[in-house]
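Colleague: Thanks for making time for this one. Could you walk me through the reasoning behind the labels in your notes?

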Amino acid sequence: MALVRRMASRLVAAAMIAWLGTAAFSAQADSDVTAVARDARLAGDELRTRFVMDLTKPVEFAVSTLSDPYRVVIDLPHVSFDLDPVAGRDGRGLVSDWRFGLFAAGKSRIVLDATEPVSVDKVFVLPSVSDQPARFVIDLVKTTRAAFLDEAEASAAEARAANAAVARKGDRLKPQADASRPLIVLDPGHGGLDTGATGTAGTLEKAVVLDFSLLLRDKLMESGRYDVRMTRDTDIFIPLRERVKIARGHQADLLVSVHADSVRVGRSQVRGAGVYTLSENASDEIAAALAERENRSDVIAGIDLADEADDVTDILIDLARMETKKFSFFFARTLVDELRGSAELVKNPHRSAGFRVLTAHDVPSALVELGYLSHKLDEKLMATDAWRDRMSGAIVAAIDRYFARRFGAANMTLSQTADAGKADDTDAPAEQ
Ligand SMILES: [Zn+2]
């Protein structure tokens, strides 16, 4: 054990020297031009696995590790990835899968999923020589769980400090522009190195939900009835907790998180849209499994969840306060009603489970799954203007109905204004 520890610290020291050496080196490189990653590959076997990325110029880097699941996180300045978005799906040796993308403004990230505990044996950047590109190289070797945890613990503190220093887009938290109009936060799921689900024809969830959300934003803005903010309007990763913070920071009247699900081969006949709300107890196993998939976003992007676990549990127990929960349910039911006339719906189209992105305790929140990327027709439809127009129109109509009932009739409670036939206690919360 002592030997392993000593070896581990020696290896970390070696990595640090490589890092410092590179930092000093790349400080001289042209810092105005963004590095472009043109190719990346894995080599080696279960004893030693090498990850190599070809770059148009050397970059600085910082490497950290995360456990449960085992991940190696490589933080880089903004790199433009000229790679197949699903390039990392094929693993090799000690790496089962890897991802890349924009992690925050000016900051890119690569996450390697390790099949077992690994140690960073070497990490360096080679400058470009004649016709050879610059290369980022990291060698992973097998280690014990104990040694991995030691290294992960040490790097977690550093990574947390570095992440805290990352300035996220400041304009997201501008105060509400016009308090007379409801403010809606649209939240396109995933982004950056978290691609979300992948369709049978290669459609990426992060792209399809962003396009759709931008269209929805334009329609809402054109109506003149709402202010709209986006959690992201580019291909960038936003942690789930940050999405909740953005909605709360804007004192939003509604958060709509937009996704497109995918299910495993064998269930590829499942299709249709669905609407989800927060609940401590999932309404069924399908909703629980979906929430688990959606909640993996932060794990996929290499976020250390250790320091926010309590936060989420507290909020779930508090259940986002009853009033907010009722409004969320009411919106979800309204949305399902509107979608019914415009789109195919899943069985039981309103379900609930512990979605982390819906945990703002003072912002009514719902998550809509537009359809299934694992279903050929759904995937095709999502790319058509006609479907997008119909679907976004239905969501605007639902938002109109929701706010008409919530704010329209000043002295009436929602239970009085809700359609008598549809109202039940979760549909029609009373204004407090
Ligand atoms: Zn999703």
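**Reasoning from values to labels**

Modeller: Happy to. Let's begin with Asp139, which touches Arg48, Thr49, Arg50, Ser119, Val120, Asp121 and Lys122, leaving aside residues up to four places away in sequence. Please keep in mind that this is a predicted model.

Colleague: Where is Asp139 found, and why is Asp139 called buried or exposed?

Modeller: Asp139 is found in strand S9, residues 134-142. Its relative accessibility is 2%, and buried means under 20%, so Asp139 counts as buried.

Colleague: What makes the approach of Asp139 to Arg48 a polar contact?

Modeller: The two side chains come to 3.4 Å. A polar contact needs a pair of N or O atoms within 3.5 Å, one able to donate a hydrogen and the other to accept it, so the Asp139 and Arg48 side chains qualify.

Colleague: On to the metal. Which atoms are the protein donors of the zinc ion, and how do you know that they are donors?

Modeller: They are His190 (NE2), Glu205 (OE), His259 (ND1) and Glu294, the last listed with OE twice. The donors lie 2.0 to 2.5 Å from the zinc ion. The cut-off is 2.8 Å for N, O and S atoms, so these atoms count as donors. Along the chain, the donors of the zinc ion follow the spacing H-x14-E-x53-H-x34-E. His190, in the loop between strand S10 (183-188) and helix H3 (205-222), and Glu294, in helix H5 (residues 285-295), are 104 residues apart, and the pair links distant parts of the chain.

Colleague: Why are His190 and Glu294 called buried?

Modeller: His190 has a relative accessible area of 6%, and Glu294 also comes to 6%. The limit is under 20%, so the label buried applies to His190 and to Glu294.

Colleague: How many aromatic pairs does the structure hold?

Modeller: Twelve aromatic pairs. One of them is Phe61 with Phe136, at 5.2 Å centre to centre and 75 degrees between the planes.

Colleague: What makes Phe61 and Phe136 an edge-to-face pair?

Modeller: Centres must lie within 6.5 Å, and planes over 60 degrees apart count as edge-to-face. With 5.2 Å and 75 degrees, Phe61 and Phe136 therefore fit the label. Phe61 sits in the loop between strand S2 (48-55) and strand S3 (62-66), while Phe136 is in strand S9, 75 residues apart. Both Phe61 and Phe136 are buried.

Colleague: And why is the pair of Tyr70 and Phe148 edge-to-face?

Modeller: Their ring centres are 4.8 Å apart and their planes are at 80 degrees, so the pair is edge-to-face. Tyr70 lies in the loop between S3 and strand S4 (71-77), and Phe148 in helix H2 (residues 145-165), 78 residues apart. Tyr70, at 16% relative accessibility, counts as buried, and so does Phe148 at 1%.

Colleague: How do you know that the charged end of Arg406 sits over the ring of Phe327?

Modeller: The charged end of Arg406 is 3.7 Å from the centre of the Phe327 ring. The rule asks for CZ of Arg within 6 Å of the ring centre and within 35 degrees of the ring normal. The distance is inside that limit, and the pair is listed as a charge over a ring. Likewise, the charged end of Arg109 sits over the ring of Phe103, 3.8 Å from its centre.

Conventions:
Residues are numbered from 1 along each chain as its sequence is written. This is a predicted model: local features need pLDDT of at least 70, side-chain atom pairs count only at pLDDT 80 or more; totals for chains, interfaces and linings use all residues. Side-chain values use heavy atoms; hydrogens and water are left out. Donors are N, O and S atoms within 2.8 Å of the metal (3.2 Å for Na, K and Ca); water is not among the atoms, so sites may look incomplete. Helices (H or I, at least four residues) and strands (E, at least two) are DSSP runs, numbered from the N terminus. Buried means under 20% relative accessible area, exposed over 50%, partly exposed in between (1.4 Å probe, protein chains only). Contact means heavy atoms within 4.5 Å. Rings of Phe, Tyr and Trp (its six-membered ring) pair if their centres lie within 6.5 Å; planes under 30 degrees apart count as stacked, over 60 as edge-to-face and the rest as tilted.
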